[in-house]
Amino acid sequence: MTMCSKALFLRKKSTGLNSIEELAYSLASRISGLKVITLPEHGNTWKGIIRNIRFAQKHQGDINHIFSPEIAYISLFLKGNVILTWHDTGTLLQSSSFLKRFIRKWFWLILPNHFAKHITCISQYTANEIKQITPIVKNKISIVYNPYNEVIHFHPKEFRKENPHILHIGTGMRKNLLRTIEALRNIPCTLIIVGILKQEHIEQLKKNHIQYKNYLDIPFQNIIRLYQECDIVSFPSLYEGFGMPIIEANATGRVLLTSKITSIPEIAANTAHYINPYDVNSIRKGFQKLISDDKYREKLILRGITNAKRFTIKHITEKYENIYNN
């Protein structure tokens with residue numbers, strides 16, 4: 001058995017997903033003795049789950065920090081102190097099968113929360129979700145926001161008014177890409193999309209005559225370059241436990257269009273133009289406002305630079321070190 005003082009467990013990485021992994025390695029680079037352990041299976045089958053449990057048992061430490069909600073079940077089989085970090089609960093409990101939802105609710109959420117020594121949530125919104133499902137654990141919950149990667153820095157550039165480049169990260173249903181495409185119809189722009197495009201996305205892009213570029217599973221350094229090269233960050237999400245593109249846009253100095261729902265206002269504060277993500281016309285007017293109103297756009301960017309200071313890696317690392325020490 002390989003023992004380390006502090007083990008931080010991650011899910012097996014999926015194509016197109018980067019945010020949790022980047023956060024984990026940022027923490028490990030700053031916290032002495034913290035070792036990142038990536039599980040070998042996605043855990044979609046009983047065989048995969050059992051293999052993940054055995055792997056985690058072999059690599060557990062005195063403190064076991066489970067950083068990916070979808071692998072919270074391994075906490076039931078570890079001997080050391082367990083810390084659970086919840087990024088959100090909505091995506092975990094989504095399934096058309098009642099049996100799957102029941103199993104996930106109990107073995108991925110309720111029981112792990114009871115067995116955990118401490119629980120961290122990346123926003124007050126997520127903490128409220130956890131308290132609603134398992135109110136008995138409310139006294140062991142603390143809020144620790146996500147940090148942005150310190151390689152991201154302010155990068156000023158001239159705004160392209162004639163053909164703004166709009167960066168949209170994520171193509172899952174809650175990222176609201178289809179409404180975004182419809183909202184941009186007849187607005188001269190280039191839509192930069194990071195994530196897997198489905199056929200319906202491609203059809204809508206063609207139907208609405210949207211010029212676009214698509215990137216899939218690219219290194220984080222390339223993500224940073226896309227932030228630097230874009231003019232607007234599009235984030236009209238339908239659900240977020242935090243929303244990393246918010247503070248990444250803030251830190252880079254890019255104006256942000258986003259939704260005033262779930263955790264987003266808690267993280268974005270007064271740095272974004274808020275829209276109704278279910279209303280195509282609201283999204284469209286939001287883009288038009290950001291493109292046409294120079295003073296308004298600059299005001300939001302300056303607020304974003306200040307807001308990003310709440311989420312520095314130094315500040316967040318200190319909070320986790322205190323939790324580990326306790």
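Arginine 30 is partly exposed in this predicted model, with a relative accessible area of 36%. Its side chain meets that of glutamate 150 in a salt bridge, at 2.6 Å from N to O. The two partners come from distant parts of the chain, 120 residues apart. Arginine 30 belongs to the loop between H1 and strand S2 (34-38), while glutamate 150 belongs to the loop between strand S6 (141-143) and strand S7 (165-169). Glutamate 150 has a relative accessibility of 48%, so this residue also counts as partly exposed, below the 50% cut-off for exposed. As a general point, side chains of opposite charge can pair when their charged atoms come close.

A search of the whole structure turns up 13 salt bridges, so let us visit two others. Glutamate 21 and arginine 11 pair through their side chains, at 3.1 Å from N to O. This pair, too, links distant parts of the chain, ten residues apart: glutamate 21 is in helix H1 (residues 19-28), and arginine 11 is in the loop between strand S1 (4-10) and H1. Both residues fall under the 20% limit and therefore count as buried, glutamate 21 at 8% and arginine 11 at 9%.

Now turn to helix H11 (residues 294-308), where aspartate 294 and arginine 297 form a salt bridge. Their closest N and O atoms are 2.9 Å apart. Because the two residues are three apart in the helix, about one helical turn separates them. Their surroundings are worth comparing: aspartate 294 is partly exposed at 35%, whereas arginine 297 is buried at 4%. Going back to the earlier pair, salt bridges that share partners join Arg11, Glu21 and Glu70 into one network.

Arginine 297 has a second role to look at on screen, since this residue also lies over the face of phenylalanine 159, at 3.7 Å from the ring centre. A similar kind of arrangement is found at lysine 260, whose charged end sits over the ring of tyrosine 274, 5.4 Å from its centre. Rings also pair with one another: the whole structure holds seven aromatic pairs, and ring pairs link Phe67, Tyr320 and Tyr324 into a cluster.

Next along the chain from Phe67 is serine 68, in the loop between strand S3 (61-66) and strand S4 (81-86). Is serine 68 buried or exposed? With a relative accessible area of 0%, serine 68 is buried. Leaving aside residues up to four places away in sequence, serine 68 touches Phe9, Leu10, Arg11 and Ile20. Its side chain reaches the backbone nitrogen of arginine 11 at 3.1 Å. Arginine 11 thus appears twice on this tour, as a neighbour of serine 68 and as the salt-bridge partner of glutamate 21.

Finally, step back to the whole fold. The protein has twelve helices and twelve strands. The radius of gyration is 20 Å, close to the 20 Å that the globule rule gives for 326 residues, so the protein is as compact as a globular protein of that length. Along the principal axes, the C-alpha atoms fill a box of roughly 60 × 40 × 35 Å. Of the 326 residues, 53% count as buried. Among contacts between residues at least 6 apart in sequence, 63% join residues at least 24 apart.

Notes. Residues are numbered from 1 along each chain as its sequence is written. This is a predicted model: local features need pLDDT of at least 70, side-chain atom pairs count only at pLDDT 80 or more; totals for chains, interfaces and linings use all residues. Side-chain values use heavy atoms; hydrogens and water are left out. Helices (H or I, at least four residues) and strands (E, at least two) are DSSP runs, numbered from the N terminus. Buried means under 20% relative accessible area, exposed over 50%, partly exposed in between (1.4 Å probe, protein chains only). A polar contact is a pair of N or O atoms within 3.5 Å; within protein, one must be able to donate a hydrogen and the other to accept it, and residues adjacent in sequence count only if both atoms are side-chain atoms. Contact means heavy atoms within 4.5 Å. Rings of Phe, Tyr and Trp (its six-membered ring) pair if their centres lie within 6.5 Å; planes under 30 degrees apart count as stacked, over 60 as edge-to-face and the rest as tilted. A charge sits over a ring if NZ of Lys or CZ of Arg is within 6 Å of the ring centre and within 35 degrees of the ring normal. A salt bridge is a side-chain nitrogen of Lys or Arg within 4 Å of a carboxyl oxygen of Asp or Glu. The radius of gyration is taken over C-alpha atoms; the globule rule is 2.2 Å times the number of residues to the power 0.38.
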